[in-house]
Amino acid sequence: MLTKKQLDLLEFIHKRVQKDGVPPSFDEMKEALDLRSKSGIHRLITALEERGFIRRLAHRARALEIVKLPDTMQGKTEARGFTPRVIEGDRPDSIPPKAKQVESVGAMELPVMGRIAAGVPIAAISEVSHNVAVPASMLGKGEHYALEVKGDSMIDLGINDGDVVIIRETRTADNGDIVVALVEDSEATLKRFRRQNGMIALEAANPAYETRVLREDQVKVQGRLVGLIRSY
């Protein structure tokens, strides 16, 4: 039996992973549960881990994995498959090859469109380097592609150098979405998207990197993060 706070935290983590593909930060969890300190969050996470609902991944900043959901949450949310992969750059406006279904394993084969920078933007890459099999449960409607992450600017969101991110193709984004952004038609980067006073802010999740604030005409959204594939 979970306490109300434990259940609230588990539901908050689950919803954030469903939406962004990565768990929330400890500050976000503290604010969502209206707690005064992070120590309370640590205690709740330890309790959830001891009861087998979540798993902490070793040597990874803020990496949490939902193992199971209580019966009271099963009707409200649907657990979503999750797997890891890598990104390093994006392609301009080219449309990636269609995803192919791998029926024997219930997976979809996505094109890996090179690398994308999670740090200082690097040149956009449009060539397909290889394909990767992704659980079909990770994908929703629309076209998807994969990118290999280069850099550590999103490490506080659990997105590490060498991970593969799954991107749903879109040209629009809401505040708070983690997006592939094409900057001035030449550089691609993975950042959190926000609109601020008619400008676009591309926020890192690492205090070592500054937020980039650009004019709207300098930024083109190429897709939104929906999943993550990690190799150990």
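**A walk through the predicted model**

Gln-6 is a residue of helix α1, which covers residues 4–20, and it offers a good place to enter this structure, which is a predicted model. With a relative accessible area of 8%, Gln-6 counts as buried, because the cut-off for that word is under 20%. The side chain of Gln-6 has a partner close to the beginning of the chain, since it reaches the backbone nitrogen of Thr-3 at 3.0 Å.

From α1 we can move on to helix α3, which takes in residues 38–50. This helix has 13 residues and reaches 18 Å from its first C-alpha to its last, close to the 18 Å expected at 1.5 Å a residue. Its buried residues are Gly-40, Ile-41, Leu-44, Ile-45, Ala-47 and Leu-48, and they lie on the same side of α3 because they cover an arc of only 160° around the axis. The spacing behind such a pattern is a general one: an α-helix has 3.6 residues a turn, so residues three or four places apart point the same way. What covers the buried residues of α3 includes α1, along with α2 (26–32), β1 (54–56) and β2 (64–66), whereas the face turned away from that buried side carries the exposed residues Arg-43 and Glu-50. Just after the helix, Gly-52 takes a positive phi of about 85°.

We turn next to the interior. The largest nonpolar core has 19 residues, and those with the most contacts inside it are Leu-147, Ile-159, Val-165, Ile-178 and Leu-190. Two or more residues of this core come from each of the strands β4 (107–117), β7 (144–150), β8 (164–168), β9 (178–183), β10 (187–196) and β13 (219–229). Apart from it lies another core, of 16 residues, which includes Leu-9, Leu-48, Ile-54 and Leu-69. Returning to Ile-178, its contacts beyond four places in sequence include Asp-20, Val-22, Met-154, Ile-159, Leu-190 and Leu-225.

Finally, the confidence of the prediction deserves a careful look. The mean pLDDT of the protein is 75, and 72% of its residues reach 70 or more, but the values vary along the chain, with confidence lowest in strand β5 (residues 122–123), at a mean of 46, and highest in strand β11 (residues 199–203), at 94. Over residues 75–96 the pLDDT stays under 50, although the model has 114 contacts beyond four places in sequence for this stretch. Residues 101–105 also have a pLDDT below 50, and beyond near neighbours in sequence they have five contacts in the model.

Definitions and conventions: Residues numbered from 1 in each chain as written. Predicted model: local features only at pLDDT ≥ 70, side-chain atom pairs only at ≥ 80, totals over all residues. Heavy atoms only, no water. Core = buried A, V, L, I, M, F, W, Y, C linked by side-chain atoms within 4.5 Å. Buried < 20%, exposed > 50% of the residue type's maximum accessible area, 1.4 Å probe, protein only. Helix = DSSP H or I, 4+ residues; strand = E, 2+ residues; numbered from the N terminus. Contact = heavy atoms within 4.5 Å. Polar contact = N/O pair within 3.5 Å; in protein donor to acceptor, adjacent residues only side chain to side chain. Expected span 1.5 Å × (residues − 1). Arc of directions from axis to C-beta. pLDDT = per-residue confidence, 0-100.
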